[in-house]
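Thank you all for making time for this one. Please bring the structure up on your own screens, and I will walk through it slowly for anyone who has not met it before.

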Amino acid sequence: MKLHLRYRINKTLHTERSLAITTRVGCVNQCAYCPQDVFVKAYRRRSSVMVMDTADYENWLRRVPKHIIISFAGFSEPFMHPQCTDMILHTYRAGYEIRVNTTCIGIKTEDLPALRHVPFLKFVIHLPDDQGISRIRVDDDYLALIRELAQRPVPNTDWKFHRTERQENIHPAVLSILTEHKVSVRYFGLSNRDGNIRITERPATVRKCGELAPCNDFHHNILFPNGDIGLCHMDWGLKHVIGNLAEVSHYHELYQKTAFREILKGLTSDEAELQCRTCEKSRPRLKGFRKFTAWFMGSGKQANLYSD
């Protein structure tokens, strides 16, 4: 109860910190609204390590403060890693709060008893549509797993469905199971992933000028299989990798490196090549922005945000 109250407060006050784990590069689903080709090409230019080594993960995790939520989501289906459940269990035993975003592809029925013992902040299940846009494979094994999860969910299961302005519906076979078990589903639209995908019903994102406010997503980073840390879940082209977790002794050191400091400086300059200028989540600066930036970049201040 205490854990989840703190989670709700952090969400409301925008003080939550998280690290999303991309367990492997290249997603089996290849959803039409996900820029996998952009990500895979960009990542391959940086590294040939396509699957996260579990020993590396356990070593890197020790450098992450306990107040940072570990999110098994990232840029691919997490359970396509054969040891994903083991990685989740290790993270739980290490004392971290955990969130999962999954399409359920790769989850084994025999993993569910162990997963039910983890007090997830959220275990988000993304559902397939009736037009094949999500490209989640719906077969007998998948439907059996969905039925099992509908009957006996893991803690804080959150059923989620994304659709475009064309108003796709949940796959009928899946909807039948959810209806039978009176499962509530939350419906969402789509993001254009910083202009990396085109949603035909919306105009293209216009480049934003002027000074921009620092984004809360700067503190929701992405860990890749080679240890690189991506700035946020909008940076599918890996324009802003802020460092490598294998090369620092503590997570907060990433925010003291040149890459992150240059991002903050770029918010004040129209000439800076910053992905935030084409991101639909970015906002103009508010009064006091310069003072905040000076405080944030001042010696010792960042360390206080990311220390234990």
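Let me start with one pair of residues, A20 and S71, where A20 stands opposite S71 in strand β2. Before going further I should say that this is a predicted model, and everything that follows should be heard with that in mind.

The pair belongs to two neighbouring strands, since β1 and β2 are joined by 4 bridges and run parallel. On its other side β1 meets β7, again through 4 bridges and again in parallel, and here S18 stands opposite H220 in β7, while L19 has N221 of β7 as its bridge partner.

What covers β1, and on which faces? Both faces of β1 are covered, with S18 and A20 buried on one side and L19 and I21 buried on the other. The general background is that side chains in a regular strand alternate between the two faces of the sheet. β7 gives a similar picture, for H220 and I222 on one side, and N221 and L223 on the other, are all buried.

Now let us step outwards to the sheet as a whole. It is an open sheet of 9 strands with mixed pairing, and the order runs β6-β5-β4-β3-β2-β1-β7-β8-β9. Its edge strands are β6, residues 185-188, and β9, residues 241-244, each of which pairs on one side only. From one strand to the next, the twist averages 25°.

If you move from β2 in the direction away from β1, you come to β3, and these two strands, β2 and β3, run parallel with 3 bridges between them; one position to look for is F72, whose bridge partner in β3 is V100. Strand β3 covers residues 98-102 and includes R99, an arginine that counts as buried because its relative accessibility is 10%, where the cut-off for buried is under 20%. The side chain of R99 also makes a polar contact of 3.1 Å with the side chain of E16.

On the other side of the sheet order, β7 is followed by β8, and the direction changes there, as β7 and β8 run antiparallel and are joined by 2 bridges. I222 stands opposite G230 in β8. These two strands form a hairpin with 4 residues between them, and in the turn G227 has a positive phi of about 95°.

With the strands in place, I would like to turn to a helix that packs on them. Helix α3 spans residues 54-61, and Y57, W60 and L61 are its buried residues. Why do these three belong together? They cover an arc of only 100° around the axis, which puts them on the same side of α3. As general background, an α-helix has 3.6 residues a turn, so residues three or four places apart point the same way.

Which elements receive that buried side? The buried residues of α3 pack against β1, β2, β7 and the helix α4, which covers residues 84-93. The helix itself lies across β1, β2 and β7, and its direction is at about 155° to that of β2. At the start of α3, a side-chain oxygen of D53 comes within 3.0 Å of the backbone nitrogen of A55.

Just beyond this helix, in the loop between α3 and β2, sits R62. Is R62 buried or exposed? R62 is exposed, with a relative accessible area of 65%. The side chain of R62 makes a polar contact of 3.2 Å with that of N59. R62 and H250 are 188 residues apart in sequence, yet their C-alpha atoms are 8.3 Å apart in space.

One more helix deserves a look, namely α8, residues 258-266, in which F260, I263, L264 and G266 are buried. Viewed down the axis of α8, these buried residues fall within an arc of 160°, so they line one face of the helix.

Let me finish with the chain as a whole. Its secondary structure comes to 10 helices and 9 strands, and buried residues make up 50% of its 308 residues. Among contacts between residues at least 6 apart in sequence, 74% join residues at least 24 apart. The accessible surface comes to about 14700 Å², with 51% of that belonging to carbon and sulfur atoms.

Note on methods: Residues are numbered from 1 along each chain as its sequence is written. This is a predicted model: local features need pLDDT of at least 70, side-chain atom pairs count only at pLDDT 80 or more; totals for chains, interfaces and linings use all residues. Side-chain values use heavy atoms; hydrogens and water are left out. Buried means under 20% relative accessible area, exposed over 50%, partly exposed in between (1.4 Å probe, protein chains only). Contact means heavy atoms within 4.5 Å. Accessible areas come from the Shrake-Rupley method with a 1.4 Å probe; for residues, only the protein chains shown count as cover. The arc is that of the directions from the helix axis to the C-beta atoms. A polar contact is a pair of N or O atoms within 3.5 Å; within protein, one must be able to donate a hydrogen and the other to accept it, and residues adjacent in sequence count only if both atoms are side-chain atoms. Two strands pair if DSSP finds at least two bridges between them. Axes are lines fitted to C-alpha atoms, for helices over the stretch in contact, and angles run from 0 to 180 degrees between N-to-C directions.
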